[in-house]
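Reader: Please take a close look at one part of this structure for me. I want to know how its helices pack, and which residues do the packing.

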Amino acid sequence: MIALWVAACSLLSWCSSLSGVQGIGVNYGMMGSDLPSPDKVVALYKANNITDVRIFHPDTNVLEALRGSGLGVVLGTLNSDLAPLASDASYAASWVQSYVQPFAGAVSFRYINAGNEVIPGESAALVLPSMQNLEAALRAAGLSVPVTTAMATSVLGTSYPPSQGAFSEAALPTVGPIVSFLASRGTPLLVNVYPYFAYSAEPSSVPLDYALLSSSAAVAVTDNGVEYANMFDAILDAVYAAVEKAGGGESLELVVSETGWPSGGGGYGASVENAAAYINNLVRHVGRGTPRRPGKAVETYIFAMFNENQKPEGVEQYFGMFQPDMSQVYHVDFSASS
């Protein structure tokens, strides 16, 4: 996740879901030694009117807890599983038979995402064949679950102004065919969007209100007459522009698979007050769409449910809305998303 600020910072040059969103989802990370049991976690989601959950890798205990919950589920693969998923159709079939088929019907799978933030990189070429093999395995099992992948904004080579968004030369050979694959199936691309890292890298250049989606923020970017008063929209529209240039057209949707703000950890701007402001502003905002896609709600997954003490030291451990004892770090009004 730290790498995200690299691409996000290119947005600073200005100063030196599918339609029909299900609701606001939250990432359920498990890198903590003191996290509550999965059944308690599912109950906490429901008690807070959270409608969807994203898990980064299969965990049968979690999947069992999700049976009959009514929560929409985004199920990820381990990045380390991409090599066998890409090269061995029988491995993909076994993966589906182990983690999807036994739960189908009782668990509402929104998407399977093959890999998280591996493009560009040495595993990038494994993503599309993994998606293809997983799709084939799902179809063979009689299951209709869309297959996609999650990307960081480091896939962008140009992000300012948003209308000029384009994938980097390193990413485009891999991303282009993935965009075509998704567009032909009407499946969204997942993208992780973190204004926090851009702000914390250059706090003297980025207005805090602009990064926090504050309703009082002034217009900071004007792009061919289109005004941007928050960085979330600017980043997302840059990715939309890149997708369109790569052949996805205006029909390919984006799902924000991660976005959040740390409440501690020593990073610049990392505070409970700012985290609460960003997340609550986000919940109220995403139903409106972006300037490039006005009125089209953005399916969004907040990072993350819990503070996780086994993540790298610093802000990475402080993205949770809840402590491991299930007490609130700050309050979020999820009902505002409606």
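Author: What follows goes through a run of helix contacts, one pair at a time.

This is a predicted model, in which local features need pLDDT of at least 70, side-chain atom pairs count only at pLDDT 80 or more, and totals for chains, interfaces and linings use all residues. Residues are numbered from 1 along each chain as its sequence is written, and side-chain values use heavy atoms, with hydrogens and water left out. Helices (H or I, at least four residues) and strands (E, at least two) are DSSP runs, numbered from the N terminus.

Start with helix α5, residues 89-99. Its buried residues are Ala92, Trp95 and Val96. Buried means under 20% relative accessible area, exposed over 50%, and partly exposed in between, with a 1.4 Å probe and protein chains only. Seen down the axis of α5, these residues fall within an arc of 95°, so they line one face of the helix. The arc is that of the directions from the helix axis to the C-beta atoms. An α-helix has 3.6 residues a turn, so residues three or four places apart point the same way. The cover over the buried residues of α5 includes β3 (72-76), α4 (82-87), β4 (108-116) and α6.

Take α6 next. Helix α6 spans residues 127-140 and packs on α5 at an angle of about 55°, with the axes 8 Å apart. Axes are lines fitted to C-alpha atoms, for helices over the stretch in contact, and angles run from 0 to 180 degrees between N-to-C directions. That makes α5 oblique to α6. Angles under 35 degrees count as roughly parallel, over 145 as roughly antiparallel, 65 to 115 as roughly perpendicular, and the rest as oblique. The crossing of α5 and α6 is right-handed. A crossing is right-handed if the near helix is turned clockwise from the far one by less than a right angle, and left-handed if anticlockwise.

From α5, Ala89, Ala92, Ala93, Trp95 and Val96 meet Asn133, Leu134, Ala137 and Leu138 of α6. Contact means heavy atoms within 4.5 Å. By class, the residues of this contact are eight nonpolar, one polar and no charged. Here Ala, Val, Leu, Ile, Met, Phe, Trp, Tyr, Cys and Pro count as nonpolar, Asp, Glu, Lys and Arg as charged, and the others, Gly among them, as polar.

Helix α6 also packs against α7. Their axes lie 9 Å apart, at an angle of about 25°. The two helices are therefore roughly parallel to each other. The crossing of α6 past α7 is left-handed. On the α6 side are Val127, Leu128, Met131, Gln132, Glu135 and Arg139, which meet Pro177, Ile178, Phe181, Leu182 and Arg185 in α7. This contact of α6 with α7 has seven nonpolar, one polar and three charged residues.

Now follow α7 itself, residues 172-185. Ser168 sits in the loop between β7 (166-167) and α7. Ser168 is buried, at 15% relative accessible area. Neighbours within four places in sequence aside, Ser168 is in contact with Val155, Leu156 and Gly157.

The last pair is α7 with helix α10, residues 231-248. Their axes come within 9 Å and cross at roughly 80°. That makes α7 roughly perpendicular to α10. Leu172, Gly176, Val179 and Ala183 in α7 meet Val243, Ala246, Gly247 and Gly248 in α10. The residues of that contact divide into five nonpolar, three polar and no charged.
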